[in-house]
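Colleague: Could you take me through one part of this model closely, and then place it beside the other parts that you have looked at? I would like a connected account rather than a list.

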Amino acid sequence: MSDSLVTEPVGIELSVIIPTFNEVANVGELVRRLETLLRGVEWEAIFVDDDSPDGTAAEVRRLARRNPRVRCLQRLGRRGLSSACIEGFLATSAPYLAVMDADLQHDEALLVPMLEVLRGEPVDIVVGSRYVGGGGIGDWDQRRARMSEFATKLSQLVLHAEVDDPMSGFFMVRREAMERAMHNLSGIGFKILLDLFASSPEPLRFRELPYEFRARQAGETKLDTQVMLDYLMLLADKLIGHVVPVRFFLFTLVGSVGVAVHLLTLTLIYRELGYDFVTGQVMGTVLAMASNFLLNNYTTYRDRRLKGWGLVRGFLSFTLACSVGVVANVGIAAHLFNDSTEWLLSGLAGVIVGAVWNFALTAFYTWKA
Ligand code: GDD
Ligand code: MN
């Protein structure tokens, strides 16, 4: 056999992870640009698509049939930019991992200098930054610009690094740095870069390279209230998640609103309207239960929100679970009290047991993942 036929096997050096949701009109153009830009690099593009109704996954597979560098990872029944990126990371063995939006707002040309930095310098992560000299936010209106500025300030709570654009969704990271952080990642919401910084056991050695955020070519943004709430969830998870799960924290917050609802109803019905105490107490309980259910459905479990008949079924299972919770609560409290524990402590213990019970049961039956 002639020597010229024996080639060194070469793996993929750079994997570009591209989360997509309804980007059918953008993926073709993006692949074309990557093909031109990355000549001479062993690259691949992994589109992680959350079963977009517009058929993005099918379009990516069509592109993949004529270019093996293109891959499609389709997720069913799931949503989330960060978790999509994490699953993209885990689907490749490439030593360098980039994350980039599919909508052509990120300047793909930056991938080349990013790769050069990682190849040549002791840097863990290169961030495409809108807020360092030469970068910019393009045609954003004042409202979005202010929101971004505010979110960036908030990020300092968990960031522990002087990154100017921690909210960027455009970066390239060394595989080892990602692997060191991966078990701590929250994977909540949109901010995978911030998540990486906040979850890394050692401070990440970073470099920021400027780029100008471009206008969206086609399709529309998925940035909505859910995304903003997810951002707060991410911050909370990074701040207190190692002590109590964020959902439990929200669940108890909602519970304390429920107490207020209960007491207000009781005051209104018993004191103001002159009905008997038990009627007031029953009405208070029912209203608090309903408001707790709805509030949890819109905040704690916003991402698994129940609708239509699901809402009715959910309310029934919620009420049932919480009724058992009351039995557990009173049972524990009575037992402790009879065991000559302080009355306040007994009461509190009952409340805690009830809350944990309600949380666990409704997480499982009412808002099952
Ligand atoms: N798989 C998946 N699942 N992809 C998603 C989802 C989702 O639930 N939501 C959004 N995406 C994809 C979009 O299709 C797009 O490719 C990318 O994630 C960014 O979504 P946009 O809706 O375009 O977000 P944006 O332009 O408002 O914000 C982006 O740019 C900012 C500046 O760099 C995001 O990347 C932000 O994280 C980033 O800060
Ligand atoms: Mn975008």
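Modeller: In this predicted model, the cover over the buried residues of α11 includes α9 (246-272), α10 (277-298) and α12 (343-365). The residues of α11 that are buried in this way are Gly310, Gly314, Phe318, Ala321, Cys322, Gly325 and Ala333. As for the length of the helix, α11 runs over residues 309-338, and its 30 residues should span 44 Å at 1.5 Å a residue; the C-alpha atoms at its ends lie 44 Å apart, so the expected and computed spans agree. Just after α11 the backbone at Ser340 adopts a positive phi of about 60°.

Helix α5 can be read in the same order. Its buried residues, which are Ala145, Ser148, Ala151, Thr152, Ser155, Val158 and Leu159, pack against α7 (192-199) and α8 (225-240). With 18 residues (142-159), α5 should span 26 Å at 1.5 Å a residue, and because its end C-alpha atoms are 25 Å apart, the span agrees here as well. At the start of α5, a side-chain oxygen of Asp141 comes to within 3.2 Å of the backbone nitrogen of Arg143, while just after the helix His160 takes a positive phi of about 55°.

That leaves the ligand. Ligand 1 is surrounded by 28 residues, of which Glu23, Asp50, Arg79, Met167 and Lys222 are the closest. Sorted by class, this shell holds 11 nonpolar, seven polar and 10 charged residues, and among the elements that each supply at least two of its residues are β1 (14-20) and α3 (81-90). Polar atoms of the protein meet ligand 1 through both backbone and side chain: a backbone N or O atom of Thr20 lies 3.2 Å from a nitrogen atom of the ligand, a backbone N or O atom of Gly169 lies 3.2 Å from one of its oxygen atoms, and an N or O atom in the side chain of Thr221 is 3.0 Å from an oxygen atom of the ligand. Taken alone, ligand 1 would expose 740 Å², and the protein buries 99% of that area.

Technical notes: Residues numbered from 1 in each chain as written. Chains lettered and ligands numbered in written order. Predicted model: local features only at pLDDT ≥ 70, side-chain atom pairs only at ≥ 80, totals over all residues. Heavy atoms only, no water. Helix = DSSP H or I, 4+ residues; strand = E, 2+ residues; numbered from the N terminus. Expected span 1.5 Å × (residues − 1). Buried < 20%, exposed > 50% of the residue type's maximum accessible area, 1.4 Å probe, protein only. Contact = heavy atoms within 4.5 Å. Near = heavy atom within 4 Å. Polar contact = N/O pair within 3.5 Å; in protein donor to acceptor, adjacent residues only side chain to side chain. Areas by Shrake-Rupley, 256 points an atom, 1.4 Å probe, with all protein chains shown as cover. Nonpolar A, V, L, I, M, F, W, Y, C, P; charged D, E, K, R; others polar.
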